[in-house]
Structure formats: structure tokens, C-alpha cells
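Thanks for coming. I will go through one chain, starting at a single residue and then widening out to the helices.

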Amino acid sequence: MAADRPDLPLRAWQRMLSGRRLDLLDPSPLDVEIEDIAHGLARVARWNGQTVGDHAFSVAQHSLLVEELARRLTPSLPPRDCMAVLLHDAPEYVIGDMISPFKAVMGGNYKEIEARLQGAIHLRFSLPRELPATIHKLAKRADTIAAYFEAVELAGFDDREASRIFGRPRGFQADRAGRLRLGLAPLPAAKAQTAFLTRFGELARERQRLELHTGFC
């Protein structure tokens, strides 16, 4: 192994189940496969696994929630932008889901690697390497709303603490106790993986239909 042979370069790639080898330092869009992304994200736990239930709340399920919330915030969102939102955490199929406090501590190098991976993923699926500011802002807003609901429904936060950290979402109907809830429940990895692939496939077909009719996706 390279760790036992200091004369050999360190390995910076990961082998995927598809057989692709993705270089973290210089990721190629040609080595990105949606099946690998779905498989990985369905097995990466949000909140470091500190959530209720028999299964982890996966990044795949979180990604589906964020895309759903983005469409709720912007009902006319085109399929290309929906796909970009769905893939907003896609690099985590390689590098895992680092909690926000750890990202803040790590700083530059982690963010640079994450950005390279995100750029390669975008190019693989015919998205801009860097998203327009409006879509980036929408994804971030939907992500924050998702974090609030995950925090109070799955991660043990009370409403006051979650509101202080993430902000209390607007436009959602409270229950009789005045609480905001979506009824989140963690899915088994296989079901989260299938749901992610299904939604990606729907968006890909919608993009193709739109492109055929208008020349745009």
C-alpha cells in the first residue's frame, strides 16, 4: 500500500461500484455516474446519524426533501434547476456529510475539494459548473428549511432552539400545538436510493421533453 511505501504517490481516487475511479484532486465528469451518487448518498447519514428511528436519515432523502421544498418556494422552477437542487449535496457520495461546525473548522481545503467535485458532477449532467446566484440562493434557502424540520422531527431539537439556529420557516401551517411539522420518517437505504434515482430519472425525462420542444432544458 502507498502508506507503507513513502516513495509511492498517495492514492487520491476512490473506486466506485460502477467500476469508475474518481480522482478527488482532479475529478472528471466522465467518472461520475448517477447510480454511484444515489448508492452513496443513500448510505450517508445526516446529523452524523444522531436521529431517531431504526434507519439513518440519509443525504439522499434529504436531497429529495430540499428539491421538494425548492419547488414549493418556486412552483415554476424548470427541471434543469430542480436537478441542480437535487444534486446540491452530491459530492457527499464521495466525501461524506461533514456537519457544518466541522466544515467551519476545516475551512479552505475541504471546500476546494467539494467545489471541484460539484463542478464535475454539474458538467456530467449538463448543468453549469457554477450555478446562477438565484438557484444557489434558492437551494440554500430550501436546505435551511429542511434542516429546521429535520432538527425538530428527527434530531432532538426543540422548536425554540431550531428557530434560533435555522430560522422558523414561513408559509407552513402549524399543528394544534403551534408546531411546524412535515411528518419526516427515515427510509431504509435501498428505498432512499430508489426514490433518489426515480426522481432524477423524472427530471432527466422532463428536461429532454422540454429541450425537444423549445431547444432549452
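**Aspartate 23 and what surrounds it**

I'll start with a backbone nitrogen, that of aspartate 26: a polar atom of the aspartate 23 side chain lies 3.3 Å from it. This is a predicted model, so please take every distance I quote as a property of that model. The side chain of aspartate 23 also reaches a second backbone nitrogen, that of leucine 25, at 2.8 Å.

Where does aspartate 23 lie? It is in strand β2, which covers residues 21-23. Its relative accessibility is 28%, and because buried would require under 20% and exposed over 50%, aspartate 23 counts as partly exposed. Once neighbours within four places in sequence are set aside, the contacts of aspartate 23 are Ala12 and Trp13. For tryptophan 13, the C-alpha to C-alpha distance to aspartate 23 is 4.0 Å, at a sequence separation of 10 residues.

**The chain as a whole**

Now the overview. The chain has nine helices and two strands. Along the sequence the order is β-β-α-α-α-α-α-α-α-α-α, so the pattern opens with the strands and the helices follow. There are 217 residues, and 42% of them are buried. The exposed area comes to about 12400 Å², with 53% of it supplied by carbon and sulfur atoms. If you take the contacts with a separation of 6 or more, 62% are between residues 24 or more positions apart.

**The loop between α1 and α2**

Next, two residues with unusual backbone angles. As background, most residues other than glycine have a negative phi. Tryptophan 47 has a positive one, near 60 degrees. Asparagine 48 has a positive phi as well, near 55 degrees. Tryptophan 47 is placed in the loop between α1, residues 34-41, and α2, and asparagine 48 is placed in the loop between α1 and α2 too. Is tryptophan 47 buried or exposed? At 18% relative accessibility, tryptophan 47 counts as buried, because the cut-off is under 20%.

**Helix α2 against α9**

On to the first helix pair in this talk. Helix α2 is residues 59-73 and helix α9 is residues 189-214; their axes come within 8 Å and cross at roughly 40 degrees. That angle makes α2 oblique to α9. The crossing is left-handed. On the α2 side, the residues that meet α9 are Ala60, Ser63, Leu64, Glu67 and Arg71. Their partners in α9 are Ala192, Ala195, Phe196, Arg199 and Leu203. The spacing in these lists is worth reading with the helix repeat in mind: an α-helix has 3.6 residues a turn, so residues three or four places apart point the same way.

**Histidine 88**

Ser63 comes up again here. Which residues is histidine 88 in contact with, leaving aside its neighbours within four places in sequence? They are His62, Ser63, Val66, Gln118 and Asp143. Histidine 88 itself sits in the loop between α3 (79-86) and α4 (92-95). At 16% relative accessibility, histidine 88 counts as buried. Its side chain is joined to that of aspartate 89 by a polar contact of 3.1 Å.

**Helix α7 and its neighbours**

Leucine 138 is in helix α7. With a relative accessible area of 10%, leucine 138 is buried. Not counting residues up to four places away in sequence, leucine 138 touches Ala70, Leu73, Thr74 and Leu77. Leucine 138 and valine 66 are 72 residues apart in sequence, and their C-alpha atoms are 9.7 Å apart.

Helix α7, residues 133-153, also packs with α8, at an angle of about 160 degrees and with the axes 9 Å apart. The two are therefore roughly antiparallel, since the cut-off for that is over 145 degrees. From α7 the contact uses Thr144, Ala147, Tyr148, Ala151 and Val152; from α8 it uses Asp159, Ala162, Ser163 and Phe166. This crossing of α7 and α8 is right-handed.

**The two ends of α8**

Last item. At the start of α8, which is residues 159-166, a side-chain oxygen of aspartate 158 reaches to within 3.2 Å of the backbone nitrogen of arginine 160. What follows α8? The residue there is glycine 167, and its phi is positive, near 85 degrees.

That is the tour; I'll take questions.

Key. Residues numbered from 1 in each chain as written. Predicted model: local features only at pLDDT ≥ 70, side-chain atom pairs only at ≥ 80, totals over all residues. Heavy atoms only, no water. Helix = DSSP H or I, 4+ residues; strand = E, 2+ residues; numbered from the N terminus. Buried < 20%, exposed > 50% of the residue type's maximum accessible area, 1.4 Å probe, protein only. Contact = heavy atoms within 4.5 Å. Areas by Shrake-Rupley, 256 points an atom, 1.4 Å probe, with all protein chains shown as cover. Polar contact = N/O pair within 3.5 Å; in protein donor to acceptor, adjacent residues only side chain to side chain. Axes fitted to C-alpha atoms, helices over the stretch in contact; angles between N-to-C directions. Parallel < 35°, antiparallel > 145°, perpendicular 65-115°, else oblique. Left-handed = near helix turned anticlockwise from the far one by under 90°.
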